[in-house]
Amino acid sequence: MSTDSISQRISELVTTLSDYNYQYYVLDTPTVPDAEYDRLFRELQALEAQYPDLLNPQSPTQKVGGAALDKFEQVSHEVPMLSLDNAMVEDEFVAFHKRINDRLKTDQIFEFCCEPKLDGLAVSILYEDGKLVRAATRGDGAVGENITENVKTIKSIPLSLIGSSDNGNYPQRVEIRGEVFLSLDGFHAFNQKAKENGTKPMVNPRNGAAGSLRQLDSKISAARPLAFYAYGLGVVSDEFELADTHCERLQQVKSFGLPVCPEITVAKGIEGVLDFYKNISEKRASLNYEIDGTVLKVNDIDLQAELGFVARAPRWAIAYKFPAQEELTVLNDVEFQV
Ligand code: NAD
């Protein structure tokens, strides 16, 4: 291919993926299945890696999510909310492990906090003096949407933490990050009702959760069966002593009163992670929520800090996804209901 045609292909992919991003992140109305999006995204990543001079700073490979909608008050994230790099096959996870070894100049076998990859919407919830004071979407990673009133309607999210910060039960100021999702029971019940009433069904639980949460009227969010699992922390005030590993920190978050996914576990090295991946794949069909893979995080927080971040994702974590299930035809004729 000539440089001109490569440049033209890159520009086509940037335009197409930016359009898909807008439909998916801003309007909660995807027009293509994730598998198709992922194929084009990877083609763009490969071309950009091969021809770095043609990298467009506006490329979706350099960005997180989509812009916050104007209809919501905007929230600037004190700690950015990033995306995740992903692996589609075992070899790509092995390559990720090797990249960490190379970067840290060690042949150490790492411990990973292994988590299901929940298919919903990332939110950040701020507690001050134990009270829920603000909740925001990820938005473009730097600025999200203020959805406090909607998040307050989610039954599993406490309005007050357990204990008191004076007694050291939780930090005076703490941002809990996690995924809001729809239970599968809730999703099917909603679509059954929509069918009976002749109203529009939800395309899938992920977009149903996003559309339910990004509503100006919190009564609509309250009527949807939304749930939440915490998987990380943002800002944490200095006086509180956090644990040294990610998994232990999640246990601390649980002790504050937030729900944490019970499937999360610690595993050692490539073998341990592959076992987790296999086990959770087998369990997937019996879970009452959708997952689209696993998230593997280097457990040691000091190592995480040493590894740091690239443009849109941490170097210490990867989403090892399940093979795609959707085909292009699935979305045909299905409109999204908010
Ligand atoms: P991502 O979903 O691949 O990974 C980051 C997100 O994972 C986080 O923001 C968080 O919300 C979520 N997550 C779930 N469980 C987690 C856990 N245990 N720990 C940490 N994070 C966890 O990245 P993304 O940027 O949110 O989305 C990209 C994906 O979205 C694409 O791969 C594609 O499948 C889909 N997408 C589809 C379209 C479309 O048109 N169909 C458009 C854009 C994006």
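In this predicted model, the shell around the ligand takes at least three residues from each of two domains, domain 1 (3-63) and domain 2 (75-329). The shell numbers 23 residues, and those that come nearest to the ligand are Y24, D34, S83, E115 and A122. At the level of secondary structure, at least two shell residues are supplied by each of α1, α2 and β3. Helix α1 provides the largest share, with four residues. Sorted by class, the residues around the ligand are 12 nonpolar, five polar and six charged.

The two helices named among these contributors also pack against each other. Helix α1 spans residues 3-26 and helix α2 spans residues 34-50; their axes come within 10 Å and cross at roughly 140°. The crossing of α1 and α2 is left-handed. On the α1 side, the contact is made by I6, R9, I10, L13, T16, L17 and Y20, and these meet Y37, L40, F41, E43, L44 and L47 of α2. The make-up of this contact is 10 nonpolar residues, one polar residue and two charged residues. The spacing of such positions can be read against helix geometry: with 3.6 residues a turn in an α-helix, residues three or four places apart point the same way.

Attention turns next to helix α6, which covers residues 205-213. Nine of its nine residues are buried, so α6 is largely enclosed by the rest of the structure. The buried set runs through P205, R206, N207, G208, A209, A210, G211, S212 and L213. What surrounds these residues is a mixture of strands and helices: the buried residues of α6 pack against the strands β4, β7 (173-182) and β8 (226-236), and against the helices α4 (148-152), α5 (184-197) and α7 (218-222).

A further position worth a visit is D119, which sits in the loop between β3 (111-118) and β4 (121-128). D119 has 19 C-beta neighbours inside 10 Å and therefore counts as partly exposed, given that a residue needs 20 or more to be buried. Setting aside neighbours within four places in sequence, D119 is in contact with F181, P205, R206, E290, I291 and D292. Two of these partners, P205 and R206, are listed among the buried residues of α6, which ties the loop back to the helix described above. By contrast with those contacts, the C-alpha atom of D119 lies 21 Å from that of E92, a residue 27 places away along the chain.

How values were computed: Residues are numbered from 1 along each chain as its sequence is written. This is a predicted model: local features need pLDDT of at least 70, side-chain atom pairs count only at pLDDT 80 or more; totals for chains, interfaces and linings use all residues. A residue is buried if 20 or more other C-beta atoms lie within 10 Å of its own, exposed if 12 or fewer, and partly exposed in between; C-beta atoms are placed from the backbone. Two residues are in contact if their C-beta atoms, placed from the backbone, lie within 7 Å. Axes are lines fitted to C-alpha atoms, for helices over the stretch in contact, and angles run from 0 to 180 degrees between N-to-C directions. A crossing is left-handed if the near helix is turned anticlockwise from the far one by less than a right angle, and right-handed if clockwise. Ala, Val, Leu, Ile, Met, Phe, Trp, Tyr, Cys and Pro count as nonpolar, Asp, Glu, Lys and Arg as charged, and the others, Gly among them, as polar. A residue is near a molecule or strand if its C-beta atom, placed from the backbone, lies within 6 Å of it. Domain bounds come from an automatic or database domain assignment.
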